[in-house]
Amino acid sequence: MAGWVRHRGGDDDLVEAHEINVTPFIDVMLVLLIIFMVAAPLATVDLGVDLPSSTAQPQPRPEQPVFVSLRSDLSLAVGEQIVAREGLAGALDGATKGNKDERLFLRADKAVSYGELMAAMNLLRDAGYLKVALVGLEGSGAMP
């Protein structure tokens, strides 16, 4: 009879123990911790891009930023959707709802050459998007 203590006197009355059993509370907290540990990585962008380091001060991001990714195989993606180079303008118009003044965040893999990065920036400019921010990892910024 957990939670009950038999009184030491001669009578057989049961007295309630005034202790809180915290084991179920700890079990619930551990389950919630596991759920959050599994769910947190799933909330990030899931395209594999190896970003270079940067020493620039981080700038505040908008609530729903539009990411354009240039992967190591030179494919372009808007958000997580891979698009052809000729379809980039249409995909950007859909992502920004036609707002050409919205800032785009360009992410490029370290393996991408400078010429390919400039070609991607030219595609953005030709599509009418002139506000482009380059994304990099925060770090020491040391050149390899």
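Biologist: Let's start with D93: what is its relative accessible area?

Modeller: Happy to, and please keep in mind that this is a predicted model. Buried would need under 20% and exposed over 50%. D93 falls in between and is partly exposed, with a relative accessible area of 29%.

Biologist: Which residue forms a salt bridge with D93?

Modeller: A salt bridge here asks for a side-chain nitrogen of Lys or Arg within 4 Å of a carboxyl oxygen of Asp or Glu. The closest N and O atoms of this pair are 3.2 Å apart. The partner is itself partly exposed, at 33% relative accessible area. The residue that pairs with D93 is K100.

Biologist: Nice. How many salt bridges does a search of the whole structure find?

Modeller: Besides K100 with D93, R125 forms a salt bridge with D126, with the closest N and O atoms 3.9 Å apart. R125 counts as partly exposed at 48% relative accessibility, while D126 is exposed at 59%. R85 and E116 also meet through their side chains, at 3.8 Å from N to O. For the whole structure, the number of salt bridges is 3.

Biologist: How many residues apart in sequence are the parts that R85 and E116 tie together?

Modeller: E116 counts as partly exposed at 27% relative accessibility, and R85 is partly exposed at 30%. R85 sits in the loop between β6 (81-83) and α2, whereas E116 belongs to helix α3, so their salt bridge ties together parts whose separation in sequence is 31 residues.

Biologist: And D109, a charged residue that has no salt bridge: which side chain of opposite charge is nearest to D109?

Modeller: D109 lies in the loop between β7 (104-108) and α3 (114-126), and D109 is buried. Not counting residues up to four places away in sequence, D109 touches several residues, including G48, V49, D50 and L70. The nearest side chain of opposite charge is 7.2 Å away, whereas a salt bridge needs N and O within 4 Å. That nearest side chain belongs to R71.

Biologist: Let's turn to the rings. Is the pair of F67 and F105 stacked, edge-to-face or tilted?

Modeller: The search of the whole structure finds 1 aromatic pair. The ring centres of F67 and F105 are 5.8 Å apart. Planes under 30 degrees apart would count as stacked and over 60 as edge-to-face. The planes of F67 and F105 stand at 45°, so the pair is tilted.

Biologist: Which strands hold F67 and F105?

Modeller: Both F67 and F105 are buried. The pair ties together parts 38 residues apart in sequence, because F67 and F105 lie, respectively, in strands β4 (residues 66-70) and β7.

Biologist: Which residue places its charged end over the ring of F67?

Modeller: A charge sits over a ring only if, among other things, NZ of Lys or CZ of Arg is within 6 Å of the ring centre. Here the charged end is 5.8 Å from the centre of the F67 ring. The residue is R107.

Biologist: How many residues are in the largest nonpolar core?

Modeller: Residues with the most contacts inside this core include V68, L76, L88 and L124. At least two core residues come from each of β4, β5 (76-78), α2 (88-96), β7 and α3. Leaving aside neighbours within four places in sequence, L76 is in contact with residues including V68, I82, L88, A120 and L123. The core's residue count is 17.

Biologist: What is the phi of L74, roughly?

Modeller: Most residues other than glycine have a negative phi. L74, in the loop between β4 and β5, has a positive value. At 33% relative accessibility, L74 counts as partly exposed. Its phi is near 70°.

Biologist: K97 also has a positive phi; what is its relative accessibility?

Modeller: K97 is found in the loop between α2 and β7, with phi near 60°. The cut-off for exposed is over 50%. K97 counts as exposed, with a relative accessibility of 76%.

Biologist: To finish, what pattern does the chain follow along the sequence?

Modeller: The chain has 3 helices and 9 strands. Of its 144 residues, 21% count as buried. Read along the sequence, the pattern is β-β-α-β-β-β-β-α-β-α-β-β.

How values were computed. Residues are numbered from 1 along each chain as its sequence is written. This is a predicted model: local features need pLDDT of at least 70, side-chain atom pairs count only at pLDDT 80 or more; totals for chains, interfaces and linings use all residues. Side-chain values use heavy atoms; hydrogens and water are left out. Helices (H or I, at least four residues) and strands (E, at least two) are DSSP runs, numbered from the N terminus. Buried means under 20% relative accessible area, exposed over 50%, partly exposed in between (1.4 Å probe, protein chains only). Lys and Arg count as positive and Asp and Glu as negative; His and the chain ends are not counted. Contact means heavy atoms within 4.5 Å. Rings of Phe, Tyr and Trp (its six-membered ring) pair if their centres lie within 6.5 Å; planes under 30 degrees apart count as stacked, over 60 as edge-to-face and the rest as tilted. A charge sits over a ring if NZ of Lys or CZ of Arg is within 6 Å of the ring centre and within 35 degrees of the ring normal. A nonpolar core is a set of buried Ala, Val, Leu, Ile, Met, Phe, Trp, Tyr and Cys residues joined through side-chain atoms within 4.5 Å.
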